[in-house]
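Let's walk through this structure together, going from helix packing to pockets and back again. Keep the 3D view open as you read.

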Amino acid sequence: MKLLHLDTSILGEHSVSRQLSADIVARLRSLQPDLEVIYRDLAAAAPRHLSAEHLAAFGGAEVDDPALRADLALGQACLDELLQADLLVIGAPMYNFSLPSQLKAWIDRVAVAGTTFAYTDAGPEGLLKGRRAYIASVRGGQYAEGTAEAALDHQERYLRDLLGFLGIVDVSVVRAEGVAMGDAEKAQAQALAAAAERIAALRMD
């Protein structure tokens, strides 16, 4: 069984989402000791955002630019990693109510018509059925359902919708919320304690 582990936070060792995603992977390893983990740090090396040159290359145009050729290879590697994975763990902090742009760049390389989804007579159909995803979600404020700012959540909701569009409907969210509110150190400790309980309860069956 293969697991694809993605980190996206730009905060390095200070990142809460990196801590949570690593803890999720450790939990899954404890449940499946022979788990093969593929790790990609998108904050360190993400595909470039799509451009007219990318679209031309996708359409079969000759690529003379070495930098573009290398970036196309990186995008293909990202797609191949996802296609080979049975499990997906994404460290996804909220940036300005949404996702890090590095994660969006990755999404634009793996959401590929005819490969990870298809347009049918009945509408779009996800082609990645049977996979399971775990999201390590971190927000500075409170945006969960039922909170005053819930409508500003374009992070978890978007990721769930995108994964569902690709056919990944078994999605577990481990959330550390409000980590920057009031006494930030205390808030972060409380959020991490709640997340740790959620991680300890994760299962693979």
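Start with helix α4 (residues 101–110) and helix α5 (residues 156–165), whose axes come within 12 Å of each other and cross at roughly 15°. This is a predicted model, so please read every value here as computed from it. Angles under 35 degrees count as roughly parallel, and α4 and α5 are therefore roughly parallel to each other. As for handedness, α4 passes α5 in a left-handed crossing. If you zoom in on the place where the two helices touch, you will find Leu103, Lys104 and Ile107 on the α4 side, meeting Tyr158, Leu159 and Leu162 on the α5 side. Sorted by class, the residues of this contact are 5 nonpolar, no polar and 1 charged.

Now stay with α4 and turn to its other helical partner here, α3. The axes of α3 and α4 come within 9 Å and cross at roughly 80°. An angle of 65 to 115 degrees counts as roughly perpendicular, and so α3 and α4 are roughly perpendicular to each other. From α3, the residues Asp71, Leu72, Gly75, Cys78, Leu79 and Leu82 take part, and they meet Trp106, Arg109 and Val110 of α4. The classes in this contact are 6 nonpolar, 1 polar and 2 charged residues.

Which residues line the largest pocket? They are Phe58, Leu72, Gly75, Gln76, Leu79, Asp108, Arg109, Ala111 and Val112. Some of these names will be familiar: Leu72, Gly75 and Leu79 of α3, together with Arg109 of α4, also belong to the contact between the two helices. The elements that give two or more residues to the lining of this pocket are α3 (66–84) and α4, and α3 gives the most, with 4 residues. The volume of the largest pocket is about 200 Å³, and its lining divides into 5 nonpolar, 2 polar and 2 charged residues.

The second largest pocket takes us back to α5. About 160 Å³ of space lies in this pocket, and its lining consists of Arg139, Tyr143, Ala144, Glu145, Ala150, Asp153, Glu156, Arg157, Arg160, Val173 and Arg175. Two elements, α5 and β7 (170–177), give two or more residues to that lining, and the largest share, 3 residues, comes from α5. By class, the lining of the second largest pocket has 4 nonpolar, no polar and 7 charged residues.

For a smaller detail, look for proline 124, which lies in strand β5 (residues 123–126). Leaving aside its neighbours within four places in sequence, proline 124 is in contact with Ala118, Tyr119 and Phe165. Glycine 167 is 43 residues away from proline 124 along the chain, and the C-alpha atoms of the two are separated by 9.9 Å.

Finally, let's visit one more helix pair. Helix α1 (residues 16–31) and helix α6 (residues 184–200) pack at an angle of about 20°, with their axes 10 Å apart. By the cut-off of 35 degrees, α1 and α6 are therefore roughly parallel to each other. The crossing of α1 and α6 is right-handed. On the α1 side the contact is made by Val16, Gln19, Leu20, Asp23, Ile24 and Arg27, while α6 brings Gln188, Leu192, Ala195, Ile199 and Ala200. In the contact of α1 with α6 there are 7 nonpolar, 2 polar and 2 charged residues.

Notes. Residues numbered from 1 in each chain as written. Predicted model: local features only at pLDDT ≥ 70, side-chain atom pairs only at ≥ 80, totals over all residues. Heavy atoms only, no water. Axes fitted to C-alpha atoms, helices over the stretch in contact; angles between N-to-C directions. Parallel < 35°, antiparallel > 145°, perpendicular 65-115°, else oblique. Left-handed = near helix turned anticlockwise from the far one by under 90°. Contact = heavy atoms within 4.5 Å. Nonpolar A, V, L, I, M, F, W, Y, C, P; charged D, E, K, R; others polar. 1 Å grid on protein atoms, 1.4 Å probe; cavity = no way out; pocket = protein on both sides within 12 Å on 5 of 7 lines; lining within 4 Å. Points joined across faces, edges and corners; volume = space filled by probe spheres on them.
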